[in-house]
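Work through the exercises below with the structure open beside you. Try each task before reading its solution.

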Amino acid sequence: MNARKIAGMAVAAMLLLVAGMAHADTDTFGTGDNQFQIDFVPISKATNPSSGYGIVANDYRMGTLEIANAQWTKFKAAYGTVTGTPLEAYNTDPYWQGTSVPTNSVSWYEAAQFVNYLNTITSNPVAYKFTGTQGNNTTDPYTLATWVAGDVGYNSANPYRNSKAKYYLLTENEWVKAAYWNGTTSTLQTYATKAGESLTQGNGTSGTGWNYYNNGYVDPYGPWNVGSGSEELNGTHDMMGNVWEWMESPYTANDYGTGSNRGLRGGSCDSSDIGNLASSAQGYGIPDVESGGIGFRVASEVPEPATLSLLALGGLAVIRRRRK
C-alpha cells in the first residue's frame with residue numbers, strides 16, 4: 001500500500017471521527033453492579049443568539065436525559081457516604097421513587113459530588129473543589145470551596161468549575177443554549193420544541209409531549225421516567241417539565257460565594273404556570289435545599305481537534321505496523 005493511499009485513509013478516519021461528534025454518544029462509569037451510562041448530544045459553539053442567555057464560546061456535550069434514581073443509587077454504592085457541610089444538604093432521600101424517574105431531593109452540593117465522581121472514576125480532574133475529608137461531616141467536614149489563583153485549572157471567569165474537568169454541571173448559558181437555540185434565528189426559541197411542533201401535555205407512555213401541570217394533574221401525578229416524552233430541539237428530553245434542574249451558575253452576579261443561590265431551569269411536573277417552561281423563565285434555590293421537584297443533568301467537554309487528529313494518526317500507525 002503506497003504512502004499516499006495510507007495518508008488518505010488516515011484523513012478519512014479523522015473525518016469519520018469528526019462526523020461522529022454530530023450524533024449522540026454514551027459514556028460508561030464504574031464497574032460491575034455499580035456500572036451505569038450517560039448519553040450525550042453535542043452542542044456547537046459555531047452559532048449563538050445575538051444577545052442575552054445562551055451565548056457560549058465552547059463546544060460541549062449535553063446530557064440527553066436527567067440523571068435517574070438508578071444512576072444516583074449506583075453512584076452512592078460506589079462512592080460511599082454522600083455527606084458534608086452543611087448537614088441539611090445531605091439528609092434527604094429521593095421523594096419520588098422508581099429506578100427510571102429523575103433523581104430528586106438532591107442538593108446542589110450532592111449533584112457536585114456526583115459530577116466529581118464521574119471525573120475521578122475516569123481519571124480526570126474533579127470539577128468542584130471540596131476541602132476536608134470526603135464522607136465526613138464531623139471532625140473534618142467536607143466543604144465546598146472555590147478555585148483560586150494558583151490552583152491547577154483555575155479560571156477567573158468561573159471560579160466554581162475546574163477548567164480541566166471533563167464532566168460538570170451546566171452554566172445557565174450552556175443549559176439555555178442546549179434547550180432553546182435553533183442555530184439560525186437571532187433569538188432563542190420560546191420553548192424547546194422542534195420545528196413544526198407545539199408544547200403539549202404528555203402522558204408518559206405515548207413518547208410525546210411534556211410533563212407539566214396544565215388544566216389538571218397528570219395521572220399518575222409526579223415526574224415520569226426520563227425520556228418518556230418528546231425529543232427536543234437539540235436531541236434532549238425533559239428540559240421542560242418533569243423536575244427543575246440545578247445550574248452551576250449563581251442566580252445573579254450578586255449571588256457570589258459557595259453558599260450563594262444557584263439557578264434553576266426547566267420547570268417541573270407541577271409547574272402551574274406554563275411560562276416556567278420558557279426560555280425567559282428563571283428559578284433559583286439555596287444550594288443546600290433538597291426538594292422533590294429538583295434534580296439535575298450533567299454535561300461534558302468534547303475532544304479537541306488536535307486529539308481527533310492524533311487518533312487518526314494512531315490509525316495510520318496501526319496500518320503501518322500491520323504492513324511489516
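**Exercise 1. Find the hairpin and its turn.**

Solution. S1 and S2 form a hairpin, with six residues between them. Gly30 sits in the turn and has a positive phi of about 75°. Helices (H or I, at least four residues) and strands (E, at least two) are DSSP runs, numbered from the N terminus. Two strands pair if DSSP finds at least two bridges between them.

Before going on, note the ground rules. This is a predicted model, where local features need pLDDT of at least 70 and side-chain atom pairs count only at pLDDT 80 or more, while totals for chains, interfaces and linings use all residues. Residues are numbered from 1 along each chain as its sequence is written, and side-chain values use heavy atoms, with hydrogens and water left out.

**Exercise 2. Set the bridge register of the hairpin, then place it in its sheet.**

Solution. Step one: S1 and strand S2 (residues 36–43) pair in the antiparallel sense over five bridges. Step two: find the partners in S2. Phe29 is bridged to Phe36. Asp27 is bridged to Ile38. Step three: widen the view. The hairpin strands belong to an open sheet of five strands, ordered S1-S2-S3-S11-S6, with antiparallel pairing. Strand S1 (25–29) and strand S6 (167–168) each have a single partner strand, so one side of each lacks a neighbour in the sheet.

**Exercise 3. Which strands of this sheet does helix H3 touch?**

Solution. Helix H3 (residues 108–121) packs on the sheet and touches S1, S2 and S6. Contact means heavy atoms within 4.5 Å. The direction of H3 makes about 95° with that of S2. Axes are lines fitted to C-alpha atoms, for helices over the stretch in contact, and angles run from 0 to 180 degrees between N-to-C directions.

H4 also packs on this sheet, touching S2, strand S3 (60–63) and S6. The direction of H4 makes about 75° with that of S3.

**Exercise 4. Describe how H2 and H3 pack.**

Solution. Start with the geometry. Helix H2 (residues 69–79) packs with H3 at an angle of about 70°, and their axes are 11 Å apart. The two helices, H2 and H3, are therefore roughly perpendicular (65 to 115 degrees). Next, list the residues. From H2 come Gln71, Trp72, Phe75, Ala78 and Tyr79. They meet Glu110, Gln113, Phe114 and Tyr117 of H3. Last, sort by class. The contact of H2 with H3 has six nonpolar, two polar and one charged residues. Here Ala, Val, Leu, Ile, Met, Phe, Trp, Tyr, Cys and Pro count as nonpolar, Asp, Glu, Lys and Arg as charged, and the others, Gly among them, as polar.

**Exercise 5. Is H4 mostly covered or mostly uncovered?**

Solution. H4 is mostly covered: eight of its nine residues are buried. Buried means under 20% relative accessible area (1.4 Å probe, protein chains only). Among the buried residues of H4 are Glu172, Trp175, Lys177 and Tyr180. Now ask what covers them. The buried residues of H4 pack against S2, S3, S6, S7 and S8. Helix H4 (residues 172–180) lies across strand S7 (244–250) and S8, at about 135° to S7.

**Exercise 6. Map the sheet that contains S7 and S8.**

Solution. This open sheet has four strands in the order S9-S8-S7-S10, with mixed pairing. Strand S9 (283–285) and strand S10 (294–295) are at the edges, each with a single partner strand, so one side of each has no neighbour in the sheet. Strand S8 (residues 262–265) runs antiparallel to S9, joined by three bridges. Arg262 has Gly285 of S9 as its bridge partner.

**Exercise 7. Compare the surroundings of Ser230 and Asp238.**

Solution. Ser230 is in the loop between H4 and S7. Asp238 is also in the loop between H4 and S7. Ser230 is buried, with a relative accessible area of 11%. Asp238 is buried, at 2%. The side chain of Ser230 reaches the backbone nitrogen of Gly209 at 2.7 Å. Ser230 also touches residues including Gly207, Trp210 and His237. Asp238 touches residues including Glu66, Trp224, Glu245 and Arg297. The C-alpha atoms of Asp238 and Ser228 are separated by 8.2 Å, though the two residues are ten apart along the chain.

Terms used: Buried means under 20% relative accessible area, exposed over 50%, partly exposed in between (1.4 Å probe, protein chains only). A polar contact is a pair of N or O atoms within 3.5 Å; within protein, one must be able to donate a hydrogen and the other to accept it, and residues adjacent in sequence count only if both atoms are side-chain atoms. Angles under 35 degrees count as roughly parallel, over 145 as roughly antiparallel, 65 to 115 as roughly perpendicular and the rest as oblique. Lists of a residue's contacts leave out its neighbours within four places in sequence.
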